[in-house]
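User: I am new to this structure and would like a close look at its pockets. Please take me through what lines them and how the parts around them are arranged.

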Amino acid sequence: MRRSEYIGLAERLLEHEANNTTDSAEDTYTVPVADYLDEARWNNEMEAIFKRLPLMLAYTDELREPGSYKTIEAVGVPVLITRGKDGMVHAFLNVCSHRGAAVVTDECGTASRFMCPYHGWTFNDQGALIGVADKHKFGEVDTEAKGLKELACEERGGLIFVVLTPGVPMDIEAHLGGMLDEIESLGIENWHIYKQVELPGANWKVCYDGYLEGYHFATLHTNTIFTFSANNIMAYDSYGPHQRIGFPHHNLGELRTKPQEEWETGEGMSVIRTLFPHVSMAGSDQGGLISQLIPGPTPEQSRTIQTYIYAMQPSTDEERAAMDASVEMTVGAVRDEDYATGFGIQKGMSTGANEEFTFGKNELGLHKFHQWVNFYAEGKPESERPNP
Ligand SMILES: [Fe+2]
């Protein structure tokens with residue numbers, strides 16, 4: 001985080017802490033519970049949001065070398081991401097142009113060409129069809145037209161973004177807006193993955209809601225997050241549909257005991273950034289947890305790929321043990337506290353006990369998130385674009 005940004009956040013949080021206040025909305029905000037349950041609505045969210053907006057599907061660290069690749073399935077779409085010999089990232093539907101089989105069946109590796117396991121048609125790392133098995137028996141093939149279907153793909157600040165629908169372009173600068181500078185200031189392109197964990201979850205919005213407020217820290221996370229982070233105080237900023245929330249730690253007040261020049265950037269707070277529609281980034285300039293939330297296969301289900309990624313890898317047994325303990329605490333907090341509660345919410349919603357949920361003024365991040373989901377999923381006109 002840039003120094004000036006940190007100082008601004010710290011000053012705002014110190015004031016909130018002193019007055020027991022928080023950044024908040026003018027009023028409460030209500031959403032129908034049906035918006036979480038309705039299948040047609042969910043399909044609109046998948047089509048209008050997940051299949052058209054840039055999704056963060058890979059890290060630079062997963063595809064460092066030319067020739068490296070990874071596969072991932074997101075909302076039912078199998079994707080192959082490669083780094084070509086030119087050093088550029090490319091994404092394709094992982095679907096053979098012959099009979100539709102998955103061309104690459106392993107999760108990651110290094111290869112300059114990919115042979116479909118069904119009939120042996122072969123593609124290069126730019127997706128071009130370069131080999132048809134027994135071509136003299138097969139007959140004419142328009143190899144130019146039979147490459148893998150390419151998807152828009154861009155790499156920014158250590159993150160690789162893909163649009164899941166062929167032919168839908170990506171303007172990543174326009175999409176990320178002011179959040180691009182925030183991401184680039186972290187230097188994620190130099191971080192290395194320490195561990196990845198996949199967690200099952202309830203409806204994607206039920207899960208995502210939990211990343212957007214600190215109102216539940218003292219109650220749900222009594223023995224985990226709340227051991228270091230204060231409850232229900234935030235410094236909130238949004239950049240279009242993307243959000244940045246500063247949460248004060250219990251020791252934030254120590255900043256008052258020393259001159260501002262001695263404040264270490266990041267000291268006394270956690271910063272959670274979300275990239276609409278499906279990423280949450282928690283941690284410091286030295287790394288932390290990045291979560292990729294992927295809806296489906298039904299409205300009641302999602303999965304989250306947690307990536308623990310850091311600027312420095314532990315080099316001693318002691319450092320490794322400390323990092324493992326921190327990872328274990330965080331996995332436990334999300335899996336056993338947030339996501340376990342999410343499964344309960346899913347069940348609770350289906351009982352019909354609540355027709356609507358009201359988000360408090362203090363749950364401002366949820367207001368914004370749902371306004372943006374509505375804007376896209378309901379196909380609202382530009383004139384109704386939410387305030388940034
Ligand atoms: Fe939580």
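Analyst:
**The pockets and the strands around them**

In this predicted model, 42 residues line the largest pocket, and those that lie nearest its centre are Phe228, Ser270, Ala282, Gly283 and Thr330. The space in the largest pocket comes to about 940 Å³. Several elements contribute to its lining with at least two residues each, namely strand E16 (269-275), strand E17 (279-284), strand E18 (287-295), strand E19 (302-310) and helix H9 (317-350). Of the contributors to this lining, H9 gives the most, with eight residues. Sorted by character, the lining of the largest pocket holds 19 nonpolar residues, 18 polar ones and five charged ones.

The second largest pocket has about 540 Å³ of space and is lined by 24 residues, with Glu62, Lys70, Thr71, Ile72 and Glu107 lying nearest its centre. Its lining divides into eight nonpolar, eight polar and eight charged residues. Because domain 1 (3-52 + 186-380) and domain 2 (55-169) both give residues to the lining of the second largest pocket, this pocket lies between them. At least two lining residues come from each of E3, strand E4 (77-83), E6, strand E13 (192-201) and E19, and the largest share, six residues, is supplied by E3.

Three of these contributors, E3, E4 and E6, also belong to an open sheet of five strands, which has the order E6-E3-E4-E5-E10 and antiparallel pairing. Strand E6 (108-110) and strand E10 (150-151) stand at the edges of this sheet and have a single partner strand each, so one side of each is left without a neighbour in the sheet. The partner of E6 is strand E3 (residues 68-74), and the two pair in the antiparallel sense over three bridges. Within this pairing, Lys70 stands opposite Cys108 in E6, and Lys70 is also one of the residues that lie nearest the centre of the second largest pocket.

A further open sheet is formed by three strands in the order E2-E12-E11, again with antiparallel pairing. Its edge strands are strand E2 (55-59) and strand E11 (153-156), each of which pairs on one side only. On average, neighbouring strands of this sheet are turned by 30 degrees against each other, direction ignored. E11 and strand E12 (residues 159-162) run antiparallel and are joined by four bridges, and in E12 it is Val162 that serves as the bridge partner of Cys153.

Definitions and conventions:
Residues are numbered from 1 along each chain as its sequence is written. This is a predicted model: local features need pLDDT of at least 70, side-chain atom pairs count only at pLDDT 80 or more; totals for chains, interfaces and linings use all residues. Side-chain values use heavy atoms; hydrogens and water are left out. Two strands pair if DSSP finds at least two bridges between them. Axes are lines fitted to C-alpha atoms, for helices over the stretch in contact, and angles run from 0 to 180 degrees between N-to-C directions. On a 1 Å grid over the protein atoms alone, a cavity is a set of points where a 1.4 Å probe fits but cannot get out, and a pocket is an open set with protein on both sides within 12 Å along at least five of seven lines; lining residues have an atom within 4 Å of a point. Grid points are joined across faces, edges and corners, and a volume is the space filled by probe spheres set on the points. Ala, Val, Leu, Ile, Met, Phe, Trp, Tyr, Cys and Pro count as nonpolar, Asp, Glu, Lys and Arg as charged, and the others, Gly among them, as polar. Domain bounds come from an automatic or database domain assignment.
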